[in-house]
Each structure stands twice: as C-alpha cells, then as structure tokens.
Number of protein chains: 2
Amino acid sequence: MSDLLERLRDRGWRLTAQRRVVAEVLNGEHVHLTADEVHARAGRLLPEISRATVYNTLGELVALGEVIEVTTDGRAKRYDPNARKAHHHLVCTRCLTIRDVPAGAGDGTLPEDDRFGFAISGVEITYRGLCPDCQSGA
Amino acid sequence: MSDLLERLRDRGWRLTAQRRVVAEVLNGEHVHLTADEVHARAGRLLPEISRATVYNTLGELVALGEVIEVTTDGRAKRYDPNARKAHHHLVCTRCLTIRDVPAGAGDGTLPEDDRFGFAISGVEITYRGLCPDCQSGA
DNA sequence: ACCCAGATTTAGACCTAGTCCAAATTCAGA
DNA sequence: TCTGAATTTGGACTAGGTCTAAATCTGGGT
C-alpha cells in the first residue's frame with residue numbers, strides 16, 4: 001500500500017511487523033503525532049508493540065530522512081511524515097494545531113553578511129498565530 | 001548596572017536577591033543558557049537559590065517579554081536575553097553553538113495564499129549548518 | 001524447508017527536564 | 001516596626017525519552 005515501505009525495503013530494511021505498523025500509522029495520517037501517540041495507534045494494530053520499539057523505529061525513519069522531527073513547543077517531539085517536500089510550519093498559539101506550509105522560493109537564503117561564516121545546510125521556519133477556528137469561535 | 005533590572009522594577013516587580021542574580025546571570029552573558037546552567041551560575045552568586053525559583057523567575061521574564069525561550073534541539077529549553085531586537089538563530093549541527101542573527105526585512109511575510117486563514121503574529125527561523133570552527137578543525 | 005548468525009524487540013530500570021505543593025521566609029508600604 | 005501578600009524552598013512528582021541485557025525473530029544460504 002505504501003511506497004514508504006517499498007523505499008524502506010529497497011534500503012535494506014529488515015521488515016518486521018512492528019516497523020510495518022509504525023510506518024503505516026505515519027503514512028495514513030497527515031498530522032504531526034508525538035511518539036506516544038504513534039505508540040497508541042500502533043498498539044491498536046499490533047497490541048504488544050513496545051514503547052522502545054516505537055522510539056527506535058521513529059529514530060531510524062528520521063535517520064533515513066523519511067520522517068522529520070519537529071519541536072514547536074518544547075514538549076514532546078512530533079513526527080512529520082511529509083519529509084519529501086520542503087515545507088515549514090504554521091502553529092496555532094491557542095489550540096497548538098500544526099499545518100504544513102510549502103516552502104517558498106526565497107526561503108533559506110540568509111544574506112552572506114549575516115552568516116557569520118556558517119555553512120548553512122537547512123532552515124526551519126515556524127509561523128505562529130491563530131488558526132481560523134480559534135479566531136472566530138472559542 | 002543593568003537596565004533590565006530597572007525595567008523590571010518599573011513594572012512593579014518585587015525585587016528579591018534571587019531575581020536579581022538570575023537577571024544578572026542572563027544580562028551578563030550573550031549566550032543561550034539552559035535553566036540548569038542559569039541555576040548553576042546563579043548559585044555561584046547566591047549559593048542557596050533553589051531550582052524552583054530559577055524556573056519561576058525565568059518563566060516570569062519570558063511572560064514579561066524580557067527573555068525568549070528557544071528550543072533548537074528538543075532537549076532543554078534555552079533562555080535568550082536578547083528579546084528586544086527581533087532576531088533568528090544560527091545553530092551549528094556539530095557543536096550546537098547558537099548565534100543570533102538579526103532579522104531581515106523580508107522575514108515573517110508569508111504570502112497570503114499560504115496562510116490557510118491563520119492570523120500570523122510571529123515567526124521563528126532556525127538556520128542549521130556548520131560553524132567556522134567545525135568546518136575547519138575537528 | 002530448515003538453520004543460524006545477526007538484527008530486532010522487549011520490559012523495565014533509569015535519566016533529564018520540568019512542574020507542583022504546602023510550609024517557611026521575606027519584602028515593602030503604612 | 002508590623003503585617004499581609006508575594007516570594008522562596010525542598011522535595012515529591014510527572015512527562016518524555018534512553019539504555020540494557022535477555023529473548024525473539026528474520027531472511028539468506030543450503
């Protein structure tokens with residue numbers, strides 16, 4: 001079902017039931033889940049999956065570049081399966097919803113003079129504000 | 001010595017020895033300390049200061065807008081006393097050093113079409129790369 | 001189809017960062 | 001100086017995450 005699983009196999013990943021369900025949970029959702037949320041959802045598909053395995057698997061997916069770790073609030077890290085398209089995040093300051101926003105043309109270009117000699121390899125942008133729901137209703 | 005303390009007093013802050021040393025630690029350093037680092041340095045000036053007080057005080061400084069909380073790595077939050085000038089961060093992916101970089105003119109303007117109805121109130125940009133030291137030496 | 005070495009999973013102990021609480025202390029205005 | 005409210009304290013507690021050694025699986029070779 002998922003090209004994610006195919007890519008993983010192509011990279012020589014040993015395919016286990018646990019990894020399958022973790023990948024499946026991430027693949028199906030377009031949200032930004034915490035590790036514990038992934039564990040809970042994976043547990044519905046494979047009841048005996050352990051927390052450690054979920055953490056291991058998420059770490060591997062991140063290392064493989066298939067998933068991105070985002071920390072928008074200093075609390076739990078969230079795992080973003082949308083790693084293949086460059087994008088930034090829009091975070092609601094009230095309900096903490098996160099939306100992906102496609103990267104624009106100018107992003108990531110810091111003027112030479114402001115680089116302090118750093119060799120820049122990436123940029124993360126987090127926009128904060130109120131989402132439509134939180135602007136209107138409660 | 002510090003205009004920070006003056007601003008705090010003007011805002012009706014009750015001035016205690018503990019708050020004084022926390023403000024002093026932040027004021028003197030241009031680095032991005034964790035709460036525990038602040039606690040350690042404050043403890044050199046006022047040995048009996050408690051961890052809880054350091055956390056309380058940092059929280060108040062953040063609420064007052066005098067200090068900014070940054071989480072560039074999903075580990076401990078860091079406290080940035082440079083809250084008065086808009087700026088972004090340059091983080092070395094190897095040694096984890098953080099440098100402030102002044103905000104540029106175009107920052108924070110997300111095209112209308114990409115806002116998904118959010119009322120944007122702020123933007124944080126984190127550039128990642130290798131600092132000069134890590135590019136050359138080890 | 002079966003074996004086996006090495007990869008993977010597991011439970012649970014452990015760790016770090018941070019919060020919370022009720023009691024004790026301290027500040028500052030009258 | 002007195003006094004009430006604000007602040008501080010230590011220590012228990014929580015969340016999120018890491019680590020370990022033992023048990024279990026996976027898949028290539030035969």
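Which residue of chain B forms a salt bridge with A:E124, and how far apart are the closest N and O atoms? A few notes follow, beginning with that pair.

1. **The salt bridge.** The partner of A:E124 is B:R128, and their closest N and O atoms lie 2.5 Å apart. Please keep in mind while reading that this is a predicted model. Between chain B and chain A the count comes to two salt bridges, and A:E124 with B:R128 is one such pair.

2. **Extent of the chain contact.** Chain B and chain A bury about 2,900 Å² between them, with carbon and sulfur atoms giving 63% of that area. Each chain is well represented in the listing: 33 residues come from chain B and 33 residues from chain A. In addition to the salt bridges, there are 12 residue pairs in polar contact between chain B and chain A, counted where both residues have pLDDT 80 or more.

3. **What chain B brings.** On the side of chain B that touches chain A, two or more residues come from each of β4 (87-92), β5 (98-102), β6 (119-130) and α5 (132-136) of chain B. The element giving the most is β6(B), with 12 residues. Sorted by class, this side of chain B has 16 nonpolar, nine polar and eight charged residues.

4. **Strand pairing across the chains.** I would look at β6 next. Strand β6 (residues 119-130) of chain A runs antiparallel to β6(B), and 11 bridges join the two. To find your place in this pairing, start from A:R128, which stands opposite B:G122 in β6(B).

5. **Chain A as a whole.** Chain A has five helices and six strands. Along the sequence they follow the pattern α-α-β-α-α-β-β-β-β-β-α. Taken along the principal axes, the C-alpha atoms of chain A fill a box of roughly 50 × 45 × 25 Å.

6. **Two domains in chain A.** Chain A is divided into domain 1, residues 3-80, and domain 2, residues 87-133. Six residues from domain 1 of chain A and seven residues from domain 2 of chain A take part in the contact. The C-alpha centres of the two domains of chain A are 24 Å apart.

7. **The domain interface.** What do the two domains of chain A bury between them? The area is about 540 Å², and carbon and sulfur atoms give 59% of it. On the side of domain 1 of chain A, the residues losing the most area to domain 2 are A:H32, A:T72 and A:D80, which together make up 76% of what that side buries. The rule finds zero salt bridges across this domain interface, while five residue pairs are in polar contact, with both residues at pLDDT 80 or more.

8. **Elements on the domain 1 side.** β2 (68-70) and β3 (78-80) of chain A each supply at least two residues to the side of domain 1 that touches domain 2 of chain A. By class, that side of domain 1 has two nonpolar, two polar and two charged residues.

9. **A three-stranded sheet.** The strands β2 and β3 of chain A turn up again here: three strands of chain A form an open sheet in the order β1-β3-β2, with antiparallel pairing. Its edge strands are β1 (33-34) and β2 of chain A, each pairing on one side only. Two bridges link β1(A) and β3(A) in the antiparallel sense, and A:L33 has A:Y79 in β3(A) as its bridge partner.

Definitions and conventions: Residues are numbered from 1 along each chain as its sequence is written. Chains are lettered from A and ligands numbered from 1 in the order in which they are written. This is a predicted model: local features need pLDDT of at least 70, side-chain atom pairs count only at pLDDT 80 or more; totals for chains, interfaces and linings use all residues. Side-chain values use heavy atoms; hydrogens and water are left out. Domain bounds come from an automatic or database domain assignment. Contact means heavy atoms within 4.5 Å. Buried area is the accessible area (1.4 Å probe) that two parts lose on being put together, summed over both. A salt bridge is a side-chain nitrogen of Lys or Arg within 4 Å of a carboxyl oxygen of Asp or Glu. A polar contact is a pair of N or O atoms within 3.5 Å; within protein, one must be able to donate a hydrogen and the other to accept it, and residues adjacent in sequence count only if both atoms are side-chain atoms. Helices (H or I, at least four residues) and strands (E, at least two) are DSSP runs, numbered from the N terminus. Ala, Val, Leu, Ile, Met, Phe, Trp, Tyr, Cys and Pro count as nonpolar, Asp, Glu, Lys and Arg as charged, and the others, Gly among them, as polar. Two strands pair if DSSP finds at least two bridges between them.
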